[in-house]
Amino acid sequence: MGKDCGNHGDDHLRNGCRRLLAVLLVLAFIVAIITLIVYLVTVASRNPNDRVGVYYDRLDVYASYKYQQITVAASLPAVYQGHGDVDVWSPVLDGPNVPFAPYLASAISQDCQAGYLILQVKIDGRVRWKVGSWISGHYHLFVTCPAFLVTSGGNGAPGASGFKFQTTTYCHVEV
């Protein structure tokens, strides 16, 4: 029979702590990538109508990945958009306090290693229409914009400048 030195129980504790630390580091890395990706989201709205103005009373913007919200909703300032006007907002979207399903961490990591990421930028808000001096009641506005991002380094890993938009896309708008 061998002698027990009493230290073998510590190996299990150390291995458990190492695994926990590794999981936390991977999650922190993924949150950092998400923050880097959506840091410079630019949203533009154009009113091509010659007679109708739009009051954007409340607009909340967030990003989703595989149909799950991954950032905290950022509020945009209320604004009136006149005839033929273009408004551009640059919300900062981040997600350090947004819980998401564990499978998303590995999916995001795999997409980043492949050199691309497809997100949905979503806008949820309330609008009113202005025709002459008449102003309508509030309407619910829901916008979904696909964002196809590729690594700027080209080697499948985000470099110092991270991801960039590959193509300009059109959004799906529901009122």
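**Exercise 1.** Is Lys 66 buried, partly exposed or exposed?

*Solution.* Start with the ground rules: the model is predicted, local features need pLDDT of at least 70, side-chain atom pairs count only at pLDDT 80 or more, and totals for chains, interfaces and linings use all residues. Residues are numbered from 1 along each chain as its sequence is written, and side-chain values use heavy atoms, with hydrogens and water left out.

Now the cut-offs: buried is under 20% relative accessible area, exposed is over 50%, and partly exposed sits in between (1.4 Å probe, protein chains only). Lys 66 comes in at 46%, so partly exposed is the verdict.

**Exercise 2.** Which loop holds Lys 66, and what is the phi of Tyr 67?

*Solution.* First, place Lys 66: its loop runs between strand S2 (52-65) and strand S3 (68-69). Strands here are DSSP runs of E, at least two residues, and helices are runs of H or I, at least four, numbered from the N terminus. Tyr 67 lies in that loop between S2 and S3 too.

Next, check the backbone. Most residues other than glycine have a negative phi. Lys 66, not a glycine, has a positive phi of about 50 degrees, and Tyr 67 has one near 65 degrees.

Last, look at accessibility: Tyr 67 has a relative accessible area of 83%, so call it exposed.

**Exercise 3.** How many helices and strands does the protein have, and how much of it is buried?

*Solution.* Count the elements: you get 2 helices and 11 strands. Then take the 175 residues, of which 34% count as buried.
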